[in-house]
Amino acid sequence: MTRKFFHGATQRTTHPLVWFAAVICTVVAIAVIIAGISVFAGYMIIHPRVPFITVTSAHLDNLQNSVAGLLDTEITIIVRAENDNTKAHASFSDTSFILSFEGLNIARLVALPFDVKKNSSVDFHYVVQSSSIPLSPEQMDLIDISLKRDKISFNLKGNLRARWRVGLLGSVKFWGHLNCHLRFHPSNGSYIHSPCSSRAK
């Protein structure tokens with residue numbers, strides 16, 4: 001007689017800690033998705049824009065070079081800090097620019113930390129006066145050529161730091177860089193307008 005033996009199947013239960021970990025992971029995943037949707041919605045509503053600085057106007061008030069190779073100059077520069085955000089104020093700091101001619105530093109333009117209200121701007125009126133700046137023979141030749149062509153160029157280069165609040169993203173900081181040429185007609189000091197801004201291109 002053949003005997004048959006039957007073994008009962010054992011049922012394994014999931015450990016409570018595994019279920020707890022699964023629940024935690026699910027909650028975290030849902031929270032991340034909700035946060036992402038909220039940030040995206042806030043971005044679409046606020047449309048944050050990076051504050052920037054631009055040169056709006058300038059004038060060459062004086063330009064003289066002596067036979068001894070000394071340069072006297074006076075330049076008026078209007079710099080505007082702009083905040084195009086309609087729902088956020090902006091703060092500017094570490095604003096510093098160097099005005100130079102063919103590698104020769106003429107002056108340093110700075111501004112103390114300041115705020116710009118939402119969807120507004122602030123103008124800075126700089127009057128740069130420099131006298132008896134020694135020129136190299138090459139620089140003297142460039143001055144003479146510029147006077148004959150009635151066109152002279154100065155370089156304005158520097159940095160600034162902008163900070164503003166972007167909805168749920170919190171406070172955002174951004175470094176802006178300015179590097180452009182300021183061109184003038186020496187005969188009447190008029191400014192030849194050209195793009196000069198820290199705005200990202």
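# Talking through the predicted model

User: Starting with T76, buried or exposed?

Analyst: T76 is buried, because its relative accessible area is 13%, and the cut-off for buried is under 20%. Please keep in mind that this is a predicted model, and the values I give are computed from it.

User: Where does T76 lie?

Analyst: T76 lies in strand β2. Its C-alpha is 9.7 Å from the C-alpha of N62, a residue 14 positions away in sequence.

User: And V79, where is that found, and is it buried or exposed?

Analyst: V79 is also found in strand β2, and with a relative accessible area of 3% it counts as buried. In space, V79 and S197 are 9.4 Å apart from C-alpha to C-alpha, although 118 residues separate them in sequence.

User: Let me step back a bit. How many helices and strands are there in the chain?

Analyst: The chain has two helices and nine strands. Reading along the sequence, you meet them in the pattern α-β-β-β-β-β-β-α-β-β-β, with 32% of the 201 residues counting as buried.

User: Okay, salt bridges next. How many does the structure hold?

Analyst: The structure holds two salt bridges. In one of them R80 pairs with D123, and the closest N and O atoms are 2.7 Å apart. R80 sits in strand β2 (residues 70-83) and D123 in strand β6 (residues 120-134), so this pair ties together parts of the chain that are 43 residues apart in sequence.

User: Why can side chains pair up like that?

Analyst: Side chains that carry opposite charge can pair when their charged atoms come close.

User: What about the bridge that R161 makes?

Analyst: The side chain of R161 meets that of D94, with 3.3 Å from N to O. Since R161 belongs to strand β7 and D94 to strand β3 (residues 90-101), the pair ties together parts that are 67 residues apart in sequence.

User: How do the residues in these bridges count for accessibility, starting with R80?

Analyst: R80 counts as partly exposed, because its relative accessibility is 28%, and its partner D123, at 42%, is partly exposed as well. In the other pair, R161 has 29% relative accessibility and counts as partly exposed, while D94 is put in that class by its value of 42%.

User: Changing topic: what volume does the largest pocket have?

Analyst: The largest pocket has a volume of about 160 Å³. The residues lining this pocket are F101, E102, L142, I145, S146, R149, K151, I152 and S153. By class, that lining is made up of four nonpolar, two polar and three charged residues.

User: Which element gives the largest share of the lining?

Analyst: Helix α2 does, with four residues of the lining. Both α2 (137-149) and β7 (152-165) supply at least two lining residues each.

User: E102 was in that lining. Where does E102 lie in the chain?

Analyst: E102 lies in the loop between strand β3 and strand β4 (104-111). Its backbone is worth a look, as phi of E102 is near 50 degrees, which is a positive value in a residue other than glycine.

User: What is phi of S132 near?

Analyst: For S132, phi is near 50 degrees, again a positive value in a residue other than glycine. S132 is found in strand β6, and with a relative accessible area of 45% it is partly exposed.

User: Back to helix α2 for a second, is Q139 buried or exposed?

Analyst: Q139, which lies in helix α2, is buried, because its relative accessible area is 11%. Between the C-alpha atoms of Q139 and G103 there are 9.4 Å in space, with their positions 36 residues apart in sequence.

User: Last topic, the surface. Which residues make the nonpolar patch?

Analyst: F20, I24 and V28 make a nonpolar surface patch of about 290 Å². F20 lies in helix α1 (residues 16-46).

User: Why does F20 count as exposed?

Analyst: F20 counts as exposed because its relative accessibility is 54%, and the cut-off for exposed is over 50%.

Technical notes
Residues are numbered from 1 along each chain as its sequence is written. This is a predicted model: local features need pLDDT of at least 70, side-chain atom pairs count only at pLDDT 80 or more; totals for chains, interfaces and linings use all residues. Side-chain values use heavy atoms; hydrogens and water are left out. On a 1 Å grid over the protein atoms alone, a cavity is a set of points where a 1.4 Å probe fits but cannot get out, and a pocket is an open set with protein on both sides within 12 Å along at least five of seven lines; lining residues have an atom within 4 Å of a point. Grid points are joined across faces, edges and corners, and a volume is the space filled by probe spheres set on the points. Ala, Val, Leu, Ile, Met, Phe, Trp, Tyr, Cys and Pro count as nonpolar, Asp, Glu, Lys and Arg as charged, and the others, Gly among them, as polar. Patches are made of residues with over 30% relative accessible area and no salt bridge: like charges are joined within 9 Å, nonpolar side chains (Val, Leu, Ile, Met, Phe, Trp, Tyr) within 5 Å. Accessible areas come from the Shrake-Rupley method with a 1.4 Å probe; for residues, only the protein chains shown count as cover. A salt bridge is a side-chain nitrogen of Lys or Arg within 4 Å of a carboxyl oxygen of Asp or Glu. Buried means under 20% relative accessible area, exposed over 50%, partly exposed in between (1.4 Å probe, protein chains only).
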